[in-house]
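Work through the exercises below with the coordinates open. Each task is followed by a solution in steps.

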Amino acid sequence: MSLGLVLFLPLNLVVKIFRFSGRNCPLFMSGLEDMPENCVALVLMHMDPPEICKLAGVNRLFRDAASADFVWESKLPSNYQFLIDKALEFEEKDKAMMNLRKKDVYSRLCKRNPLNGVSKEFWLDKRTGGLSMAISWKALTITGIGDRRYWNHISTDESRFQSIAYLQQTWWFEVKGELKFQFPEGRYAVFFRLHLGKPSKRLGRRICLMDQVHGWDVKPVRFQLTTSDNQHTESRCFLGSPGNWVNYHVGDFTIESGSSSSNMMKLKFALTQIDCTHTKGGLCLDSVLIQPKDFVAKNNR
């Protein structure tokens, strides 16, 4: 395929050719090697990061084009400078930022980045660049958490934080949390990650102890989400699916495209069941998750 023909093809067709050329097909590669680096980089801008990385291995031209800052800046969220500052908060920032190209910034943000210690973390999705966050139960306000008659702490590899809170029994179940953070524009969903039953291991196999599970089918739990710009959602549901981790949807919030990227959003979220006519127990609390709404919808499909 000649260079001139490639330059006059529709962009979506050129993208398809590039994707196919990642398989080292001689038919397409014979002319693409002569393309200007900027032209290759402009096409790469319209691909997903994993595809860009794959094509970087085709030859030196593609490798150099795939390293262009403007290619990766187009994949980064609008507030990436805030995010990388947070990711490098506990490092020697001047040394860490030295010679850090935009692709390196993207790669770093796709890792699990602790926020204010070890009880919160954020990361970007490798394919979409969408921002997600996780908040450990240790960063939440839990009624009675210090009383071992009601709550225990369990070490487990089923949590990204290696620890969960286990409720044995209580009359008053209340969990609250707050977060102040700068989100890029978009719509986000908030979840509580919960599990009915006590996960354990016996002879190397996972088991789930259900003897203390009770009370969750009597009255529904209540979820609440409030933002600093007066967005509010509230819902109720019964907890189910014992023996499995479930992400229970608290609500959604939106960061408008016209809002300043420097604005900090404050979230307040809560999970309660405070009907004292009955006890409830046998519940594991892991974390609160915040994910892009379109990412959640895609996974559900």
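**Exercise 1. Charges over rings**

Task: Which ring does Arg193 lie over, and at what distance from the ring centre?

Solution: Arg193 lies over the face of Trp245, 4.3 Å from the ring centre. The model is a predicted one. A second case involves Arg160, whose charged end sits over the ring of Trp123 at 4.3 Å from the centre.

**Exercise 2. Two aromatic pairs**

Task: Classify the ring pair of Phe122 and Phe181 and locate its members in the chain.

Solution:
1. A search of the whole structure gives 12 aromatic pairs. Among them is Phe122 with Phe181, with 5.8 Å centre to centre and 50 degrees between the planes.
2. Planes under 30 degrees apart count as stacked and those over 60 as edge-to-face, so the Phe122–Phe181 pair, at 50 degrees, is tilted.
3. Phe122 belongs to strand E2 (residues 120–124) and Phe181 to strand E7 (residues 173–181); the two are 59 residues apart, and the pair links distant parts of the chain.
4. Phe122 has a relative accessible area of 0% and Phe181 one of 1%. Buried means under 20%, so both residues are buried.
5. Ring pairs also join Phe122 and Phe181 into a cluster with Phe82, Phe183, Tyr188 and Phe253.

Task: Classify the pair of Phe192 and Phe269 in the manner used above.

Solution:
1. The centres are 6.4 Å apart and the planes of Phe192 and Phe269 make 75 degrees, which is edge-to-face.
2. Phe192 is in strand E8 (residues 186–196) and Phe269 in strand E14 (residues 265–273), so the pair ties together parts 77 residues apart in sequence.
3. Phe192 and Phe269 are both buried.

**Exercise 3. The buried face of H10**

Task: Which residues of helix H10 (residues 102–109) are buried, and what do they pack against?

Solution:
1. The buried residues of H10 are Lys102, Val105, Tyr106 and Leu109.
2. Viewed down the axis of H10, these buried residues fall within an arc of 100 degrees, so they line one face of the helix.
3. An α-helix has 3.6 residues a turn, so residues three or four places apart point the same way.
4. The packing partners of the buried residues of H10 are helices H5 (49–55), H7 (69–73) and H8 (80–87), together with strands E1 (113–114) and E2.

**Exercise 4. A hairpin**

Task: How many bridges join strand E9 (residues 198–202) to strand E10 (residues 205–209)?

Solution:
1. Five bridges join E9 to E10, and the strands run antiparallel.
2. Ser200 stands opposite Ile207 in E10.
3. The hairpin of E9 and E10 has two residues between the strands, and Leu203 in the turn has a positive phi of about 55 degrees.

Key
Residues numbered from 1 in each chain as written. Predicted model: local features only at pLDDT ≥ 70, side-chain atom pairs only at ≥ 80, totals over all residues. Heavy atoms only, no water. Phe/Tyr/Trp six-rings, centres within 6.5 Å; stacked < 30°, edge-to-face > 60°. Helix = DSSP H or I, 4+ residues; strand = E, 2+ residues; numbered from the N terminus. Buried < 20%, exposed > 50% of the residue type's maximum accessible area, 1.4 Å probe, protein only. Lys NZ or Arg CZ within 6 Å of the ring centre and 35° of its normal. Arc of directions from axis to C-beta. Contact = heavy atoms within 4.5 Å. Pairing = 2+ DSSP bridges.
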